[in-house]
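Ready for a few exercises? Have a look at the structure below, try each task yourself, and then compare your reasoning with the worked solution.

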Amino acid sequence: MVSFDMKKILNKITITAAPFLASLLIRFLAKTMRISYVNFERVWDDWRRGKNIILAFWHGRLLMMPIMYKGRGVSVLVSRHRDGELIARTVMRFGIDSVRGSSTRGWLGGVKGLLKEWKKGKDIAITPDGPKGPGFNAQMGIIHMAKITGLPIIPMTFSASKKKHLRVGTALSCLTHFQKACLSAATPSL
Amino acid sequence: MPYPFSKGVFICGDPITVNRESTEEELEQKRLTLQESLLNITERADSYFSVRES
């Protein structure tokens, strides 16, 4: 089947190219922007002394987080879906590891993987509202992680003087539409 | 998504620690504290460049 193969190839291209392009974009933004850090003294001190922390930020503020991290190693919890794969591959380009799991389908999902990372001496990063939402509603998983590990949760956020509101989901659905358009263009209509 | 050549700000909230002997109620309290903190600092970050912080 031609279209099936095309779909597989396109998927492969997207999953390889999109994270690369995203990382270029993030680096470009970081290079050109003037960025301030507010109330970071405690976090920087923890990193200097090798004390682990749990970073918490809304899923919608995820984009620029890779450039903020200055610790000794961090693993981020991402979903098992394709957007999770894209995020995992993007942050990998910044030396950030990821654990696949789901905060919406029960907090136990990613906990085992995260505990393993913590035992290796890594920090943990979680988006407590998860990729699917409800947005701005913290799920219980991160609180359980803090209870088990005894690590402090550091709430964190990012904003810019000029920005376009674009949900992560929007960018991903653009990709899907792009793939569909490529597919229909490549498939001879009878 | 931020515009290139704009100004950006990262803001941290106060750390939240969870006691190992916490009850369900206390855990829920911590969840709310985290949620409030994230909402607060995000609002603060969004208005950071329009309202000059002292």
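**Exercise 1.** Find which residue forms a salt bridge with A:Asp46, and work out how the two are placed along their helix.

*Solution.* Bear in mind that this is a predicted model. Start from the charged atoms: the partner is A:Arg42, and the closest N and O atoms of the pair are 3.1 Å apart. That falls within the 4 Å cut-off for a salt bridge. Next, look at the sequence positions: A:Asp46 and A:Arg42 are four residues apart in helix α2 of chain A, so about one helical turn separates them. To put the pair in context, the count of salt bridges over all chains comes to 11.

**Exercise 2.** Describe the interface of chain A and chain B, beginning with its extent and ending with its salt bridges.

*Solution.* First, count the residues: 52 of chain A are in contact with 37 of chain B. Second, take the area: the two chains bury about 4100 Å² between them, with 66% of it on carbon and sulfur atoms. Third, turn to the polar side, where 24 residue pairs are in polar contact across the interface, both residues being at pLDDT 80 or more. The side of chain A that touches chain B divides into 34 nonpolar, 11 polar and seven charged residues. Its largest share, eight residues, comes from β6(A). Finally, the rule finds two salt bridges across this interface. A:Arg61 forms a salt bridge with B:Asp46, their closest N and O atoms being 2.8 Å apart.

**Exercise 3.** In which sense do β6(A) and strand β1 of chain B pair, parallel or antiparallel?

*Solution.* Follow β6(A) alongside β1 (residues 7-12) of chain B: the two pair in the antiparallel sense, over five bridges. For a landmark, find A:Ser159, which stands opposite B:Val9 in β1(B).

**Exercise 4.** Classify the ring pair A:Tyr37 and B:Phe10 as stacked, edge-to-face or tilted.

*Solution.* Over all chains the count comes to 10 aromatic pairs. For A:Tyr37 and B:Phe10, the ring centres are 5.3 Å apart and the planes stand at 20°, so the pair is stacked. The cut-off used here is planes under 30 degrees apart. Now place the partners: A:Tyr37 lies in strand β1 of chain A and B:Phe10 in strand β1 of chain B, so the pair joins two chains.

How values were computed
Residues are numbered from 1 along each chain as its sequence is written. Chains are lettered from A and ligands numbered from 1 in the order in which they are written. This is a predicted model: local features need pLDDT of at least 70, side-chain atom pairs count only at pLDDT 80 or more; totals for chains, interfaces and linings use all residues. Side-chain values use heavy atoms; hydrogens and water are left out. Contact means heavy atoms within 4.5 Å. Buried area is the accessible area (1.4 Å probe) that two parts lose on being put together, summed over both. A salt bridge is a side-chain nitrogen of Lys or Arg within 4 Å of a carboxyl oxygen of Asp or Glu. A polar contact is a pair of N or O atoms within 3.5 Å; within protein, one must be able to donate a hydrogen and the other to accept it, and residues adjacent in sequence count only if both atoms are side-chain atoms. Ala, Val, Leu, Ile, Met, Phe, Trp, Tyr, Cys and Pro count as nonpolar, Asp, Glu, Lys and Arg as charged, and the others, Gly among them, as polar. Two strands pair if DSSP finds at least two bridges between them. Rings of Phe, Tyr and Trp (its six-membered ring) pair if their centres lie within 6.5 Å; planes under 30 degrees apart count as stacked, over 60 as edge-to-face and the rest as tilted.
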